[in-house]
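Trainee: I'd like to learn how to read a model like this one. Could you walk me through it, one feature at a time?

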Amino acid sequence: MDAKVKMALEKAWARGSRKGHMTGLRDFIRWAEGEGIPDEQLFPAPSRILEAYIAQWTGRKGSASTGNKVYGIRAFHIANHLRWEATIQVKYLLEAVKKEVPRGDMQKPRRPVTRNRLEILAEGLDAADPKDAAVRAMAFVAFYAQARLGELLPTTMKPEAFDPKFHPVGIDVGEDASDRGTKLLHLPWTKVKKEKGEDVVIAAQRGHTNPVTALQDHIFLNDIGDDDPLASYLDKDGVRRILTVRAMMARCNELWAEKGLVWLTGHCFRIGGTTFYLLAGVSTDVVKALGRWSSDAFLRYWRSLEHLGILHIEMIAPPRFNSLAEQ
């Protein structure tokens, strides 16, 4: 019974989160060994030991991830029914460490994928190659739907590890919602809504980066059935292969590097799509709703502020009623 409960508890966290939790836990154990703290005093972790562990990160390189490490230690306690003894001092120590992160250790804002980068993909990817067709479709969908790659593509290539509860299959692609082919795509699991899932809009676009056309071509060429992973393709032997986030980004970055552009991460598609719509003058409320952004996160990920300023607030005409404006 205990084993079943533990397995069920572990599913409360996403696979990627569990991997990060283990990293934090291992770091905590290594630190304790270096401090000569006996194993029997480590779990459940007394607050004074947690406080000492957090405090030693103050001002150090790598301290930006201290909070995530502590979350990993806490997750281990929860999964193993151990009492979590952290006091209010732990919370304030984490805040102190965050304020003292070395400037060079702070995460730089991610560069967004731009429309120009999509054009490079449209030109460089072979639409007749099954894998390239899958990369093309997933890239264009992620950009225009403002989707996280992890919600579209798995992180493992093993077919037996694919779970339709976490990533879309063919049947999750909706019917046409307009004459131009715009459609909804159901994401069965998302970062915010978890297992409730969410729908995103794949809106038809002009030009060679139309996500609707790319998705249709991919589904046809790779014979995507109702139960097949949407992020998959047929190899030269007709065997279905999973397209992972890593494989997709490797192919995209390969083409961008040929044009002298820096490598980007998967999250750059989402913020790229958001920035694209803002620069196009789409209402911020519409962008937020379609991108499933919370207000705070939305503001944090704005990019190209200088272009947004030129577009929206440069050369504003003075008020017609100067006397009223001066009051």
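Mentor: Sure. Let's begin with what counts as a helix here: a DSSP run of H or I at least four residues long, numbered from the N terminus. Keep in mind that this is a predicted model. With that in hand, look just past H7: Gln146 follows this helix, and its phi is positive, near 55 degrees.

Trainee: Which residue caps the N-terminal end of H7?

Mentor: That's Asp129, with a side-chain oxygen 3.2 Å from the backbone nitrogen of Lys131.

Trainee: How many Å should H7 span, and how far apart are its end C-alpha atoms?

Mentor: Use 1.5 Å a residue: the 15 residues of H7, 130–144, should span 21 Å, and the end C-alpha atoms are 21 Å apart, so the two agree.

Trainee: And how many of the residues of H7 are buried?

Mentor: The general idea goes like this: nonpolar side chains in soluble globular proteins tend to be buried together. In this case, H7 is mostly covered, with 13 of its 15 residues buried.

Trainee: Which residues have the most contacts inside the largest nonpolar core?

Mentor: The largest nonpolar core has 46 residues, and Leu121, Met138, Leu185, Leu243, Met248, Trp256 and Phe269 have the most contacts inside it. Among the elements that give it two or more residues are helix H6 (115–124), H7, H9 and helix H10 (245–258). H7 gives the most, with 10 residues.

Trainee: What does Met138 touch?

Mentor: Leaving aside residues up to four places away in sequence, Met138 touches Leu152, Leu153, Leu215, His218, Leu230, Ala231, Leu243 and Met248. There's also a second, separate core of 16 residues, which includes Ala32, Ile54, Val70 and Val90.

Trainee: Let's follow His218. Where is it found?

Mentor: His218 is in helix H9, residues 211–221. Its relative accessible area is 0%, so His218 is buried. Beyond its sequence neighbours up to four places away, His218 touches residues including Ala133, Ala134, Ala137, Met138 and Ser232.

Trainee: Is Ser232 buried or exposed?

Mentor: The cut-off for buried is under 20% relative accessible area. Ser232 is at 0%, so it counts as buried. You'll find Ser232 in strand S4, residues 232–234.

Trainee: Which side chain does the Ser232 side chain make a polar contact with?

Mentor: The partner is Arg240, at 3.1 Å, side chain to side chain. Apart from residues up to four places away in sequence, Ser232 also touches others, including Ala134, His218, Asn222 and Ile242.

Terms used
Residues numbered from 1 in each chain as written. Predicted model: local features only at pLDDT ≥ 70, side-chain atom pairs only at ≥ 80, totals over all residues. Heavy atoms only, no water. Expected span 1.5 Å × (residues − 1). Buried < 20%, exposed > 50% of the residue type's maximum accessible area, 1.4 Å probe, protein only. Polar contact = N/O pair within 3.5 Å; in protein donor to acceptor, adjacent residues only side chain to side chain. Contact = heavy atoms within 4.5 Å. Core = buried A, V, L, I, M, F, W, Y, C linked by side-chain atoms within 4.5 Å.
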